[in-house]
Amino acid sequence: MTDSTGDRIVAAATTEFSQHGIAGARIERIARAARTSKERVYAYYRSKDALYRFVAARELAAIAEATRLDPTDLPGYAGRIHDYFVAHPERLRLMNWGQLEVTSDAPQPDDPFQLSIRRKIDQLRAAQQAGDLDPAWDPIDILVFVNQIAMSWAAQPHVGLDSTEDRASFLAARRAAIVAAVQRLFPAVNSVPTPEEH
C-alpha cells in the first residue's frame, strides 16, 4: 500500500527542485503543494538535502530505465538520452541543479549522481574487457563525452530553429547528428560501415 502523503511530498519536491534548484527550494512550498506540514516533511526526510538526494536517486533510476545504457551500442544510447530529455526538460533541469550546486569537493558516498556514474563506468569497463568497446579510452571519458553529445540539443532545443521550420523535423535532424557523432567516436558493435568508411 502506498503512502499518499509520502508520494505527494516527493511529487511536490520534484517540481520544486526542478524550478528552483536545491538552494532556492523551500520546504514550506513543498509542504503546501503536498497538502501537509513542514514538520511532516521533516519526519520523512531529515533535511532538504536528504529530500533532494531521494528525489534525484528516483529520477536517475527512471532515466536509467528509459535510456538503457548498452556499451555495445553507444550511438543508440545517445539517441535515447536525447529523446528522453527533449520529452522531459524539467528532469534535465533537476539533474543540472544537482550538478551545479554540489557544495563539497569530496562527493558524499550516498550521492546519487556518483553512484549512477560508478555503475555505468563498471558496465563500460566490462564491455572493454569483453572486446566490445575500444579499451584505449578511459570509461569516464566515454561516459562524459557520450552524455554531453547526447544532451547538447536537449538543453537548447530552439537554437538555430528557423521560424518556418517544423520543430519535430529540426529535432529529428539534430538527433541524427548526435547518433552519427557518437557512432564516429564509439562505433556500435557489428555496425554496418557507411560507403565512405570502405
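**Salt bridges, a helix and a loop residue**

A search of the whole structure, a predicted model, finds seven salt bridges.

Visitor: Which residue forms a salt bridge with E59?

Guide: Side chains of opposite charge can pair when their charged atoms come close. For E59 the closest N and O atoms of the pair are 3.1 Å apart. E59 lies in helix α4 and its partner in helix α6 (residues 89-100), so the pair ties together parts that are 32 residues apart in sequence. The partner is R91.

Visitor: Is E59 buried or exposed?

Guide: Buried means under 20% relative accessible area. E59 has 5% relative accessibility, whereas R91, at 24%, is partly exposed. E59 therefore counts as buried.

Visitor: Which residues are linked in a network of salt bridges?

Guide: E59 and R91 form one salt bridge. The network includes both of them, and its members are R58, E59, E90 and R91.

Visitor: How many residues apart are D83 and R175?

Guide: The side chains of D83 and R175 meet in a salt bridge, at 2.8 Å from N to O. D83 is in helix α5 and R175 in helix α9 (residues 167-185), so the pair links distant parts of the chain. D83 is partly exposed at 35% relative accessibility, and R175 is partly exposed at 28%. Along the chain, D83 and R175 are 92 residues apart.

Visitor: Where do R125 and D122 lie?

Guide: R125 and D122 form a salt bridge, with the closest N and O atoms 3.9 Å apart. They are three residues apart, about one turn of the helix. Both lie in helix α7 (residues 112-129).

Visitor: What should helix α5 span?

Guide: Helix α5 covers residues 74-87, which makes 14 residues, and the reckoning is 1.5 Å a residue. Its end C-alpha atoms are 20 Å apart, in agreement with the expected span of 20 Å.

Visitor: How many residues of α5 are buried?

Guide: The helix is mostly covered. Among its buried residues are L74, P75, G76, Y84 and F85. Of the 14 residues in α5, the number buried is 11.

Visitor: How far apart in space are Y45 and I9?

Guide: Y45 is found in the loop between α3 (38-44) and α4 (48-67), and at 12% relative accessibility Y45 counts as buried. Leaving aside neighbours within four places in sequence, Y45 is in contact with I9, V10, A50, L51 and F54. Y45 and I9 are 36 residues apart in sequence, and their C-alpha atoms are separated by 9.8 Å.

Technical notes: Residues are numbered from 1 along each chain as its sequence is written. This is a predicted model: local features need pLDDT of at least 70, side-chain atom pairs count only at pLDDT 80 or more; totals for chains, interfaces and linings use all residues. Side-chain values use heavy atoms; hydrogens and water are left out. Helices (H or I, at least four residues) and strands (E, at least two) are DSSP runs, numbered from the N terminus. The expected span of a helix is 1.5 Å times one less than its number of residues. Buried means under 20% relative accessible area, exposed over 50%, partly exposed in between (1.4 Å probe, protein chains only). Contact means heavy atoms within 4.5 Å. A salt bridge is a side-chain nitrogen of Lys or Arg within 4 Å of a carboxyl oxygen of Asp or Glu.
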